[in-house]
Amino acid sequence: MRSSSSELLLDQQQELRKRKLLELAQPKKKPPKRTCRERIWFYTTSFLAMTAVGGGSSLLFLVPLYVDPAISTLAADFAPEPVKCVTTRREELCGILNCTWSSCREGCTSDMYSCTHIYVMYTTAPYYTDDDDGNWTSTSTSPSTSTTTTTTTTTPSPGENFTEDAVLLVNIKGCGYPPEVDCDNFTTMYGKVNAEFPCYYSRENRTVVLIHYDREEHVAIIIHYFAVPFIVTLATSVVLCVMYCDCRCGSERDRRRRRARRCAVEDARVALLDCEEDRT
């Protein structure tokens, strides 16, 4: 009995080995080729997914670097016309406790251990200069902090109405990155005592003064660096949701669910009847 049972086991094992060898010897079936519709669906999905991820990732970098300063600048409500500013004093400080802010620094993420504080006084009247023909014209600063803006050293006349000391900043954050922000040039031009130059003061916080302000430029930054990527990301996400999610009305969903339940119940009944017939 034992020999016969062991022979049966050996025969079964040999048959299994033969089947496995035959399966391995058979040529592998090639995957079915994708239809034109499946290819279009695949490439469309890939393009939309990459666009959505790229738009969302760009917002993570553009919002803190460009959008947030632009919104803060618009919220400060700076005067649209330049006014006359005169530098009253400049302080060079060291230590992280003394450098909670700076008039200009290159880089906005690292801690400050040395800083420059520039204080100015300004008038609320528009800033005018005398041209070569003897006409008085309004002067505005250039967008960059290059040497195109000229300053003159003068002593304020007693008749002019100047405000108290205000803080001069290269921009609303007081920091930036080259070549847009050149702190050496900025300090040399505007850090001299009694230096006169056009500036823009904030009507929300009159102790804040900028050397350049252009409302249209900041609005364009918000549109290009926030609105456009946000709309693109939102639109591609909605299209992907429509392509892969069931966005039909609730009534149609309920009908289909009811039909599926009815079919499942009928199949269960048929299976029970078949089992009963087999038993009988």
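Buried means under 20% relative accessible area, exposed means over 50%, and partly exposed lies in between (1.4 Å probe, protein chains only). This is a predicted model, where local features need pLDDT of at least 70, side-chain atom pairs count only at pLDDT 80 or more, and totals for chains, interfaces and linings use all residues. Residues are numbered from 1 along each chain as its sequence is written, and side-chain values use heavy atoms, with hydrogens and water left out.

**Exercise 1. Take stock of the fold.**
State how many helices and strands the protein has, and give their order.

Solution. Helices (H or I, at least four residues) and strands (E, at least two) are DSSP runs, numbered from the N terminus. There are 5 helices and 8 strands. From the N terminus, the order reads α-α-β-β-β-β-β-β-α-β-β-α-α. Next, burial: 28% of the 280 residues count as buried. Then contacts, meaning heavy atoms within 4.5 Å. Among contacts between residues at least 6 apart in sequence, 78% join residues at least 24 apart.

**Exercise 2. Examine helix α3.**
Find which residues of α3 are buried, and what covers them.

Solution. Start with the list: Cys-183, Asn-185, Phe-186, Thr-187, Met-189 and Tyr-190 are buried. The helix spans residues 183-190, and 6 of its 8 residues are buried, so the rest of the structure largely encloses it. Now look at the cover. It includes the strands β1 (83-94), β2 (114-126), β6 (166-169) and β7 (195-201).

**Exercise 3. Trace the salt bridges.**
Identify the partners of Asp-68, Arg-90 and Glu-91.

Solution. A salt bridge is a side-chain nitrogen of Lys or Arg within 4 Å of a carboxyl oxygen of Asp or Glu. By this rule there are 6 salt bridges.

- Asp-68 pairs with Lys-173 at 3.1 Å, N to O. This pair links distant parts of the chain: Asp-68 sits in helix α2, Lys-173 in the loop between β6 and α3, 105 residues apart. Asp-68 is partly exposed at 33% relative accessible area, and Lys-173 is partly exposed at 42%.
- Arg-90 pairs with Glu-92, their closest N and O atoms being 3.1 Å apart. Arg-90 has a relative accessible area of 38%, so it counts as partly exposed. Glu-92 is partly exposed at 48%.
- Glu-91 pairs with Arg-89, with 3.2 Å between the closest N and O atoms. Glu-91 is partly exposed at 26%, and Arg-89 is partly exposed at 33%. A network of salt bridges links Arg-89, Glu-91 and Asp-165.

**Exercise 4. Map the surface patches.**
Name the residues of the nonpolar patch and of the positive patch.

Solution. Patches are made of residues with over 30% relative accessible area and no salt bridge; like charges are joined within 9 Å, and nonpolar side chains (Val, Leu, Ile, Met, Phe, Trp, Tyr) within 5 Å. Accessible areas come from the Shrake-Rupley method with a 1.4 Å probe; for residues, only the protein chains shown count as cover.

First, the nonpolar patch. Leu-60, Phe-61, Leu-65, Tyr-66, Tyr-177 and Tyr-225 form it, with about 640 Å² of accessible area together. Helix α2 gives the most, with 4 residues. Tyr-225 lies in helix α4 (residues 215-244) and is partly exposed at 31%.

Second, the positive patch. Lys and Arg count as positive, Asp and Glu as negative; His and the chain ends are not counted. Each charge is placed at NZ of Lys, CZ of Arg, CG of Asp or CD of Glu. The patch consists of Lys-30, Lys-33, Arg-34 and Arg-39. Lys-30 lies in the loop between α1 (2-25) and α2 (36-76). With a relative accessible area of 77%, Lys-30 is exposed.
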